[in-house]
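Me: I've got a structure here and a few things I'd like to sort out. Mind going through it with me?

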Amino acid sequence: MFLTLKLLGNRHPSFIARTVFVKNNNVEDACRLINRVLGKDGILEQFRLTRYYEKPFQTRRRINHEKCKAIYNEDMERKIKFVLRKNRHEPFPGCH
């Protein structure tokens with residue numbers, strides 16, 4: 001037994017190839033795997049955004065928020081990497 005995603009028809013040919021085999025009639029695990037694949041591909045996010053009409057000011061606000069969040073996350077990741085470095089000769093560089 002297997003599940004095939006043919007929900008979106010010919011508009012999204014990459015989903016026609018998504019086939020998940022169901023082992024021992026365990027459909028819940030197969031659905032969980034399909035959800036994970038769709039989440040990684042960004043389809044669930046796209047579906048959530050296009051489900052209702054988004055006014056232009058809301059679109060601008062969302063896009064600006066996503067940009068700011070990406071910059072913040074990049075800076076925080078860089079700072080965390082710096083703080084977590086181990087085995088440095090000088091643990092606090094620049095502070096003599």
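Me: Where does Leu 84 lie?
Reply: Bear in mind that this is a predicted model. Helix H3 covers 56-83. Leu 84 lies in the segment after helix H3.

Me: Is Leu 84 buried or exposed?
Reply: Leu 84 belongs to a nonpolar surface patch with Ile 80, Phe 82 and Val 83, and together they have about 400 Å² of accessible area. The cut-off for exposed is over 50% relative accessible area. Leu 84 has 58%, so it counts as exposed.

Me: Which helix gives the largest share of the largest nonpolar core?
Reply: That core has five residues: Val 20, Val 22, Ala 30, Ile 34 and Leu 38. Three of them come from residues 27-41, and that's helix H1.

Me: How far apart are the N and O atoms in the salt bridge between Arg 32 and Asp 29?
Reply: Both residues sit in helix H1, and being three residues apart puts about one helical turn between them. Arg 32 is exposed at 53%, while Asp 29 is partly exposed at 40%. Their side chains meet in a salt bridge, N to O, at 2.6 Å.

Me: Which residues are joined into one network by salt bridges that share partners?
Reply: The pair in helix H3, Asp 75 and Arg 78, is three residues apart, about one turn. As for the network, shared partners link up Glu 54, Arg 62 and Glu 66.

Me: How many disulfides does a search of the whole structure find?
Reply: Cys 31 is partly exposed, at 33% relative accessibility. Cys 68 is exposed, at 53%. As for disulfides, the search of the whole structure comes back with zero.

Key
Residues numbered from 1 in each chain as written. Predicted model: local features only at pLDDT ≥ 70, side-chain atom pairs only at ≥ 80, totals over all residues. Heavy atoms only, no water. Core = buried A, V, L, I, M, F, W, Y, C linked by side-chain atoms within 4.5 Å. Buried < 20%, exposed > 50% of the residue type's maximum accessible area, 1.4 Å probe, protein only. Helix = DSSP H or I, 4+ residues; strand = E, 2+ residues; numbered from the N terminus. Patch = residues over 30% accessible without salt bridge, like charges linked within 9 Å, V, L, I, M, F, W, Y side chains within 5 Å. Areas by Shrake-Rupley, 256 points an atom, 1.4 Å probe, with all protein chains shown as cover. Salt bridge = Lys/Arg side-chain N within 4 Å of Asp/Glu carboxyl O. Disulfide = S-S within 2.5 Å.
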